[in-house]
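Hi,

Here is the structure I said I'd pass on to you. Have a look at it first, and then read my notes underneath.

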Amino acid sequence: MVVPLIFRFVWGPLPTSHHLGEYLTGGYFRGDPEVRWSDLVARSPQSGLAHKELGLVWFCKAYGVEEIELWFDPSPSNQLQLVWILDYLRSEPYAAERTKLRLVDFDLLGADGDRLRDHAIRQLEVTEPDFEDARIAWEAYRSPTPELVSGLLNREFHTLPFLKPAMEELLAELPSPASGLGATEAQLLDLIAKGHNRTKELFEPGGLLETRVFDQWELGPLLEGLASGPMPAIAGLDPKLSTLPRHDARGRNAAYRRSRLSLTEFGQAVLAGREDFRRHNPIRRWWGGTLLTNERLWRWDREGRSLVSP
């Protein structure tokens, strides 16, 4: 039985602990239409649809599941999912004793059958220190500022080798003290400056933009942030985007595709390192479920920015 986890934790407010717990415990309650883990799992030859009425761990107990394998690739979103589910399973002795980790060092979602069949994927035992590492990492990411995650960069995660690089990538998306841009924002300006003015080139998987942090739906708000404000760095974004609701995915996608992007004079100065985007524009950047603003970023700068990865 394959159980997919649907959450992405790299953008926007984090689901509450209650919400995440309800997702895994299953069952339906009046006035609560949220999706559960069992909604994404098909009929099983052994148990039929019995899982539809049970929590994940209860189902494992009831049907004598002997092994729970965790398959998560190195991307930051997957690594955050991994530490969340490990933190959950550590408090469930039946599940914790049967949990194994598969070290997947490639894009799991984009892998074809041959890749999965032929690639040697190591299986590791998950021990109590590994569960503790996951708890610490998950709690650090959920804290309202990046101090705790930054502190984890000096820690070794032997059974979770992709966790620290993922944290480094997340920290790199915070606005730089030199330009006020995160790593992906800087890439966007650079590509547009080189003539890549269509969002299709920039957003779609396998495109020119090299980022493992954001997906194509999260890149849109990032681009809009660069194109709005008192001193926009980007011109040519379809103005209709400012009037379309966030849930109108079809309308927003069409507006992105109509856009023809270019750098403003200010954008060129930011890209060249002569201007700081933050000094002229408000910053609204999500971190671990908290919206960071200019005021907190200025405080980090005054403190030597020692709390954020360089």
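Below is what I found, going from the sheet to the helices and then to a few single residues.

One thing to keep in mind before you start: this is a predicted model.

**The sheet**

Start with the open sheet, which has three strands in the order 1-2-3 and mixed pairing. Strand 1 (68-72) and strand 3 (123-125) are the edge strands, each pairing on one side only. From one strand to the next, the twist averages 35°.

The mixed pairing is easy to follow if you take the strands in turn. Strand 1 and strand 2 (residues 99-103) run parallel and are joined by five bridges. Two of the partnerships to look for are Ile68 with Thr99 and Glu69 with Lys100. On the other side, strand 2 pairs with strand 3 in the antiparallel sense, over three bridges. There you'll see Leu101 standing opposite Leu124 of strand 3.

How many of the five residues of strand 2 are buried? The count is five of the five, so strand 2 is largely enclosed by the rest of the structure. Its side chains still split by direction: Thr99, Leu101 and Leu103 point one way, while Lys100 and Arg102 point the other way, and all are buried. Lys100 and Arg102 are worth a click, since they are on that list of buried residues too.

Strand 1 has two faces to look at. Ile68, Leu70 and Phe72 make up its covered face, and Glu69 and Trp71 its uncovered one.

Helix 3 (residues 76-89) packs on this sheet and touches both strand 1 and strand 2. The direction of helix 3 makes about 155° with that of strand 1. Asn78 is a residue of helix 3. Apart from its neighbours within four places in sequence, Asn78 has contacts with Phe72 and Asp73, and Phe72 belongs to the covered face of strand 1. Asn78 also gives you a link to a later part of the chain: its C-alpha atom is 10.0 Å from that of Arg212, although the two are 134 residues apart along the chain.

**Helix 11 and what surrounds it**

Next, go to helix 11, which has twelve residues (216-227). At 1.5 Å a residue it should span 16 Å, and its end C-alpha atoms are 17 Å apart, which agrees. At the start of the helix, a side-chain oxygen of Asp215 comes to within 3.0 Å of the backbone nitrogen of Trp217. After the helix comes Gly229, with a positive phi near 95°.

Which residues of helix 11 are buried? They are Glu218, Leu219, Gly220, Leu222, Leu223, Glu224 and Leu226. Their cover includes helix 9 (183-193), helix 10 (199-203), helix 12 (249-258) and helix 14 (277-280), along with strand 4 (234-235) and strand 6 (285-287).

Helix 12 has buried residues of its own: Gly251, Arg252, Ala255 and Tyr256. They cover an arc of only 135° around the axis, which puts them on the same side of helix 12. Helix 10 and helix 11 are among the elements that cover them.

**A few single residues**

Leu209 sits in the loop between helix 10 and helix 11. Is Leu209 buried or exposed? Its relative accessible area is 10%, and the cut-off for buried is under 20%, so Leu209 counts as buried. Not counting residues up to four places away in sequence, Leu209 touches Thr184, Gln187, Leu188, Leu191, Glu201, Leu202 and Leu219. Leu219 is one of the buried residues of helix 11. For a sense of distance, the C-alpha atoms of Leu209 and Ser150 are separated by 25 Å, with their positions 59 residues apart along the chain.

Finally, take Ala172, in helix 8 (residues 163-172). At 37% relative accessibility, Ala172 counts as partly exposed. Leaving out its neighbours within four places in sequence, Ala172 is in contact with Gly182 and Ala183. The C-alpha atoms of Ala172 and Val213 are 9.9 Å from each other, and these two residues are 41 residues apart along the chain.

If you only have a few minutes, go to strand 2 and see how it is largely enclosed by the rest of the structure.

Cheers

How values were computed. Residues are numbered from 1 along each chain as its sequence is written. This is a predicted model: local features need pLDDT of at least 70, side-chain atom pairs count only at pLDDT 80 or more; totals for chains, interfaces and linings use all residues. Side-chain values use heavy atoms; hydrogens and water are left out. Helices (H or I, at least four residues) and strands (E, at least two) are DSSP runs, numbered from the N terminus. The expected span of a helix is 1.5 Å times one less than its number of residues. Buried means under 20% relative accessible area, exposed over 50%, partly exposed in between (1.4 Å probe, protein chains only). Contact means heavy atoms within 4.5 Å. A polar contact is a pair of N or O atoms within 3.5 Å; within protein, one must be able to donate a hydrogen and the other to accept it, and residues adjacent in sequence count only if both atoms are side-chain atoms. Two strands pair if DSSP finds at least two bridges between them. Axes are lines fitted to C-alpha atoms, for helices over the stretch in contact, and angles run from 0 to 180 degrees between N-to-C directions. The arc is that of the directions from the helix axis to the C-beta atoms.
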